[in-house]
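Here are my comments on the model, set out point by point. Please read them with the coordinates open.

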Amino acid sequence: MTTLLMLLCLYQTPRPDIVFADFEGPHYQGWILSGTAFGLVPARGTLPGQMQVEGYQGKGLVNSFLGGDDSTGSIVSPPVKVERPYLNFLIGGGYNADHLALRVIRNGKTIASATGPNSQPGGTERLAWNHFDLSAHQGAEVKFEIVDFVKGSWGHINIDQITFSDKPKGDLPVKRTLAAGSFLHLPVKTGATMRRLKVFEQGTGKTLADMDIELCPVGEEPSFWTFADLGKRNFPGQVILETRLEANDKSLDRILGTEEGPGRQNWFTEPMRPLVHFTAPKGWLNDPNGLVFDGKNYHLFYQHNPYGWNWGNMHWGHATSTDLLRWTDQPEALAPRKHGDWAFSGSAIIDKDNTSDWGEKGKAPMVLAYTSTGRGECIAFSNNEGLTWTEFDGNPVVKHRGRDPRLLWHKPTKKWIMAVFNEDKGNVLHVYSSPDLKRWTFESELKDLYECPDLVRFPDPADIQKDLWVLYGADGLYWVGDFDGKRFQPKGPKQRLWHGNFYAAQTFTNLDDNRVVQIGWGQGITFPGAPFNQQMAIPVELSLVAGKTGPRLRALPVRELKGQIQSKIVKESFPGQNASFDLSGGAQLVDISWKVGTGETGLRLPGLTIRQDPKAGKLFVGKVALESIKEGTLTLQIVLDRGSVEVFTQSGDQAVSLARDPKLTKGILTFLPGDSSMEISRLSVAELAPGRNPRFGPTK
Ligand code: FRU
């Protein structure tokens, strides 16, 4: 009998919900209004100037975007008795726990409060279910208060369907204990609900990872599998996974703790993977960081989201190479100190004279500077080739509204320099100096420079005994000028070398004096459907040459690219009209020279047409219009790969990086019929071998 009763209780059908407010009526029905944000009547969906609002029920909802984000106000409901243990509601809009909220008030006190999901530009206007557990307040009289006291971005809140219920709706905290060693394998579904997933070590309670991730819902095919590197751990230790999911959502069960698993398998064989361009093994990348040569290896650190196809969870990814093209993936170099304190861009150097005293056993330490978004500009050092890093205990060394510290050694003054973006009063460059990488002195400010500065020395083309400096911004515009270790002085207007999908470039430190190698982020080169997104542009050799209006930069692919050539066709002096060449291998280096005629000439490549217009004196690379010649010989170097094409004109006077469909792996090269015959003096089509080492380096 008792068992039967218990079963009856367990399976008791829930009582019907009591909908307190669905905002479908023409008025707020007894709610007290103040301010202007909520209007005099409930909203009917999206308001003027607002992104599409979704996820509400029926036609009406509370939407405090009336008059835009800057309007403020509040609404307070009539009293109501709590007659079910849970209060379910739909909520959306901005995140601000104190000033953008739905509150439950009992005897003048807030007993429960919820805010919207969005704290950054972008985001979503979708309302989602949430709930309060009011079981301790059953029978009591409460009021609801919806407040919007926030101006500016995401200064509004959306609410609908305030409902008393026996069952909670929306996410509930869930935990899972799992046997795991150094890795977790995580199924990601791009576009699924973003979850906050925390991973703790059982016993010590130490946080091993804390991330935002679009966990693949049960029953769906993941967009891709990725992995979390938990550091050196003996398998199988126990870890605890924690997130919030709707009741009965078993998404956490799909995470695997095995050493080998789908997150670390089958990569580099993907059909869209570029062959000679650097891509993250998994997830998103943006800016190159900490480009440094340690005497043996080139190090490429980069802004990395290991857990998603889009930007987020900023880490410093790491890869090493002896030739700038064949990269071996290393463990993440920097992870966020805590959720929301991201490891933003920065740079690295070798402290050859051990000015910092961080070197061990007579070996020079590698030192990096990065922006910790929660603290400021920070310094860290490594004595094992960038595998593990120790934070300087005086961090942050610079505290300001800014980011992207660029370290370099200034020989004449024997000081370290930090060139860093500051946005306290507009977009400016700040220069600091230091004798030891620890104590930093503010030296100067220069107006009109946006994020990711790069400051690099070249021999002056007019007198190679002298130095000239180039100051580069993320947007690819640069100044040539003088730098005395304190202040950069431009010697002419800003110039542009790179066009197209190219951003936040950086040059390697610690190369010999005559070599400057630059890598940029191929911003906007995407690989939909692949486990990775975005790529680095091909590494280029920069040189400063005398131009008509003063010194200017040139860029050509690094000479090491020739080492990737596995076969080559060379043809000299031929009319281009009916010729065609096979470009099916995946990646190619094409070199072409032709005589500019009186009519239009050019070439068609899979995914790109290049057109020389002699009348306008322009070269159209896709939609990018470059300065060109009206007569004479035009020479182009073209690097084709899955997802991108780069074009370098003449001896590297102008450079273009463009996205093309990464599925376009087969095709031919043909020539544009002009009104004069296209005279090609030389064409070489070289097939390039895959540059990536399909192995991961050791774990930490
Ligand atoms: C440039 C940038 C940097 C910042 C980083 C964050 O693309 O916005 O200023 O440090 O990306 O990922």
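The notes below cover the domain division and then two individual residues.

1. The model is predicted, so every value here should be read as computed from that prediction. The protein chain is split into domain 1 (14-165), domain 2 (171-264) and domain 3 (562-692). Between the C-alpha centres of domain 1 and domain 2 the separation is 32 Å.

2. A209 belongs to strand β15, which spans residues 207-213. Is A209 buried or exposed? Its relative accessibility is 7%, and because the cut-off for buried is under 20%, A209 counts as buried.

3. Setting aside neighbours within four places in sequence, the contacts of A209 are L197, K198, V199 and L230. As for D229, its C-alpha atom is 8.5 Å from that of A209, with the two positions 20 residues apart along the chain.

4. G312 sits in a loop, with β19 (298-305) on one side and β20 (315-321) on the other. The relative accessible area of G312 is 10%; this is under 20%, so G312 is buried as well.

5. Which residues does G312 touch, not counting those up to four places away in sequence? They are H304 and N305. Both of these positions fall within the range given for β19 (298-305).

6. For a long-range reference, take G312 and S580: they are 268 residues apart in sequence, and their C-alpha atoms are 44 Å apart in space. S580 lies within the bounds of domain 3 (562-692).

Note on methods. Residues are numbered from 1 along each chain as its sequence is written. This is a predicted model: local features need pLDDT of at least 70, side-chain atom pairs count only at pLDDT 80 or more; totals for chains, interfaces and linings use all residues. Side-chain values use heavy atoms; hydrogens and water are left out. Domain bounds come from an automatic or database domain assignment. Helices (H or I, at least four residues) and strands (E, at least two) are DSSP runs, numbered from the N terminus. Buried means under 20% relative accessible area, exposed over 50%, partly exposed in between (1.4 Å probe, protein chains only). Contact means heavy atoms within 4.5 Å.
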